[in-house]
Amino acid sequence: MPTHNADIAAIFTEIADLLEIEQANPFRIRAYRNAARNLGEMGREVRALVERGEDLTQLPGIGADLAAKLGEIVATGKCRTLEKLHTELPPTITDLLHVPGLGPKRVRTLWHDLDIQTAEQLARAAQDGRIRGLPGFGAKTEANILQAVAAQLATARRIKLATAAQYAESLVAWLGGARGVERVEVAGSYRRCRETVGDLDILAVAAADSDVMARLKAYDEVGKVLALGPTRASVVLKSGLQVDLRVVAAAAYGAALCYFTGSKAHNIALRRMAQERGLKLNEYGVFRGKERIAGDSEAAVYRSFDLPWIPPELREDRGEIAAARAGRLPKLVEPSDLRGDLHAHTKATDGHHTLEEMARAAKALGHAYLAITEHSRRLAMAHGLDPRRLAEQCDAIDRLNASLDGIVLLKGIEVDILDDGSLDLPDSSLARLDLVIGAVHSRFDLSRAKQTERILRAMDHPYFTLLAHPTGRLIETRAPYDVDMLRIIRHAKQRGCYLELNAHPERLDLLDTHCLMAKEEGVLVAINSDAHSRDDLANLRFGVGQARRGWLAAADVLNTRPLPELRRLLAQVRG
Ligand SMILES: [Zn+2]
Ligand SMILES: [Zn+2]
C-alpha cells in the first residue's frame, strides 16, 4: 500500500504521544518526535528510498531501530510497536492531548479516574462538573477545558499543503491509470495553493465505460466510502482526508474546473459579470439562453467575459478580475525561474548533511548557487556558530568552491536578532560573508511597537541583507508575532535590503498578502527552502505557490537572478 511520509510521521507522533501518557523514557519519546518532524519536512518520499534499498540510517534522526520501523511501515502499512500500545491505551486518547491545557499527565488522570477517551466524553464530563474534583484540576481548569474542547470540536480539520500534495499526487496518478480516463486534476484550494487544505476536490474527464469510480473505491488508502455514483463519489482516506471525485463531460470540463477551483468570492464575481452580460455561468458552462457558448476549457470561460485566463492562485477576488480586464495580470513566477536558494543549514548546526552533500543536492535540482546560512551562537539548542566556527566554515566553503563544478556555495549566516535589535555576531565576523540573514527566534511575545522597532533596528545594521521568515508563524501551531509589516517592508525599501519567503512547509512566511505589499513597495523577495537536509531543498515549490498567491513575478524575486547579478544585488545592500 502506498505509505507517505505524512502517514509514517503520524504513526511516530502517535507512538510518542502514547509513550508520553505512559510516562516512558523521555529520550525514547524525543527520538520518535524528532523522526516525525524530520519526515514531515522531507521533500522526498521514504517509500521510494526503501524501494531502492537505500540506507535509511542516513536520514536525519533515524537510527537502526527507527530505520527498521520505517521498513516495516512501508512494507506493511503498520507498526507493531503502535499496535502493542493500542492494546494498553485506547487509540482515541491522543486526541485529548491536542486540547490546550491538557498534558500527558492530566490525560492519564482523566482516562484512569473517569475513563475519558474522546473529546466528546471530555466535554460531557466538564459540563457535568465531574472534572473539578480530580487531583491537579479544579473548577477553573474545568471551565478552560470545556471552552477549549468546544472550540476544537467546532473547527474542521485542515492539513498543510505539502502534506496534501503527498496524498493528492499519488491518488491522481492512480486514477489516471483507470480505463478511459482522459484527464484528472485536483481543483479546490489545493489548486489555488492555499497554505492549508480542508479536502481534495478532484475532477476527471472519462469515457462512458470508464472504471474510474471502481478504481477510486479500490484505492488502498480509502478508509471509508461515503457515496459512490456513476459521476460523483466521496471517500475518506485512512489519513482522515476527504476526497470528492466528479466525472464531467469534456465539453463542461473548463467550467467545472473553474467552478470547483473557486474561490467562492472569485466565482461570485464571475457570476455577477455573467449576469451583467445577460449570460449564465454554472459548473456546466457559460450559457446564452439555452446555448452553451463556452465550457470545455477555462480559457474559453474567461474569454466569454473578454478576459484572459486567470491563474488559480490569483482567484481570491483581490483585484485579479480588474487587473485581467486592464491587461495588467502579472506573469507569475514559476519554479523553473529560481536559479538558487539563499537559506540552508548543514551538520555544523542543526542540519543533517555536509556542505558538499548539500551542494551536490542543490546542483542536482539545477541550482547555480546555494547560500549556507547556519544559526548563530545565541541558538545554543541548534549548536549555533560562534565567530571561530563561522570562520572555519567560511574556509571550508572557499576550499570546496575551488573544487565544485556547476554550483557555487555562498557564505552566509542566519544571525539571531537579539532583543534590542542588535545582531548576535560581531561585525568582524559578518564582514566576510556574502549575505547576512537576520531572524527572530526569541521573545515572540513583545508588543507590536517593540517587535517592529527591534526588527527595524536590526535592518539598519550595515551588514543586514535579508529578513528571514518575517512573521515567525508556524502554520496552525504558532501564531505570527505582532509586527507592523507595512512599516517593515517600507523600511526594507528605504534601507535597500530584502525579505524572505520561507518555503518550509510549516512556515510559508511571508504571507501572500505581504508578498503583494512587498511587490507594490518595490522590495525584492527571496524564496528560500531553509533546508535542514538535502531533501528539504525540493520544498521551494511550495514557496513558489505562496509567491504566486502574492502576485509575484520572476522579476520580483531575488533568487531568480543569475549569480553575477545576485552578487551585485547582495553587495549593494552594504552600500
Ligand atoms: Zn530560522
Ligand atoms: Zn533557518
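Which protein donors hold the zinc ion (ligand 2), and how far from it do they lie? In this predicted model, the donors are the NE2 atoms of His-343 and His-345, an OE atom of Glu-414 and an OD atom of Asp-530, and they lie 2.1 to 2.2 Å from the ion. A second zinc ion (ligand 1) lies 3.6 Å from ligand 2, with Glu-414 coordinating both. The points below take up the two zinc sites, then the parallel sheet, and then the pocket and cavities.

**The site of the zinc ion (ligand 2)**

- The four donor atoms of the zinc ion (ligand 2) make angles of 80 to 164° among themselves, and the site is classed as irregular.
- Along the chain, the donor residues of this ion follow the spacing H-x1-H-x68-E-x115-D.
- Distant parts of the chain are linked here by the pair His-345 and Glu-414, which are 69 residues apart, with His-345 in the loop between S11 and helix H17 (355-364) and Glu-414 in strand S13 (residues 408-416).
- His-345 has a relative accessible area of 0% and is therefore buried, and Glu-414, at 1% relative accessibility, also counts as buried.

**The site of the zinc ion (ligand 1)**

- The zinc ion (ligand 1) is coordinated at 1.9 to 2.3 Å by an OE atom of Glu-414 together with the NE2 atoms of His-441 and His-469.
- The sequence spacing of these donors is E-x26-H-x27-H.
- Glu-414, in strand S13, and His-469, in the loop between S15 and helix H21 (485-495), are 55 residues apart and form another pair that links distant parts of the chain.
- His-469 has a relative accessible area of 1%, so this donor is buried.
- Glu-414 is the bridge between the two zinc ions, ligand 2 and ligand 1, which are 3.6 Å apart.

**The parallel sheet and helix H17**

- Seven strands, in the order S11-S12-S13-S14-S15-S16-S17, make up an open sheet in which the pairing is parallel.
- The edges of this sheet are strand S11 (340-341) and strand S17 (525-528), each of which pairs on one side only.
- Within the sheet, strand S14 (residues 435-439) runs parallel to strand S15 (residues 466-467), and the two are joined by two bridges.
- Ile-437 is found opposite Leu-466 in S15.
- Met-358 has its place in helix H17, and this residue counts as buried because its relative accessibility is 0%.
- Between Met-358 and Ala-9 the separation is 349 residues in sequence and 24 Å in space, taken from C-alpha to C-alpha.

**The second largest pocket**

- The second largest pocket holds about 430 Å³ of space, and among its 18 lining residues the closest to the centre are Tyr-190, Arg-191, Cys-193, Glu-313 and Arg-541.
- Two or more lining residues come from each of helix H10 (161-176), strand S2 (181-186), helix H11 (188-191) and helix H23 (540-549).
- The largest share of this lining is supplied by H23, which gives five residues.
- Sorted by class, the lining of this pocket comprises 10 nonpolar residues, one polar residue and seven charged residues.

**The cavities**

- Rolling a probe the size of a water molecule over the atoms shows where empty space is left.
- The count of cavities of 30 Å³ or more comes to two.
- The largest cavity encloses about 70 Å³ of space, and its lining is made up of Ala-255, Cys-258, Tyr-259, Asn-267, Leu-270, Arg-271, Leu-281 and Asn-282.
- At least two residues of that lining come from each of helix H13 (253-261), helix H14 (264-276) and strand S8 (280-282), and by class the lining of the largest cavity divides into five nonpolar, two polar and one charged.
- The second largest cavity encloses about 30 Å³ of space and is lined by Ala-35, Asn-38, Leu-39, Met-42, Leu-59, Pro-60 and Ile-62.
- In the lining of the second largest cavity, six residues are nonpolar, one is polar and none is charged.

Technical notes
Residues numbered from 1 in each chain as written. Chains lettered and ligands numbered in written order. Predicted model: local features only at pLDDT ≥ 70, side-chain atom pairs only at ≥ 80, totals over all residues. Heavy atoms only, no water. 1 Å grid on protein atoms, 1.4 Å probe; cavity = no way out; pocket = protein on both sides within 12 Å on 5 of 7 lines; lining within 4 Å. Points joined across faces, edges and corners; volume = space filled by probe spheres on them. Helix = DSSP H or I, 4+ residues; strand = E, 2+ residues; numbered from the N terminus. Nonpolar A, V, L, I, M, F, W, Y, C, P; charged D, E, K, R; others polar. Pairing = 2+ DSSP bridges. Donors = N, O, S within 2.8 Å, 3.2 Å for Na, K, Ca; no water. Tetrahedral: all angles 85-135°; square planar, octahedral: opposite > 155°, others 65-115°. Buried < 20%, exposed > 50% of the residue type's maximum accessible area, 1.4 Å probe, protein only.
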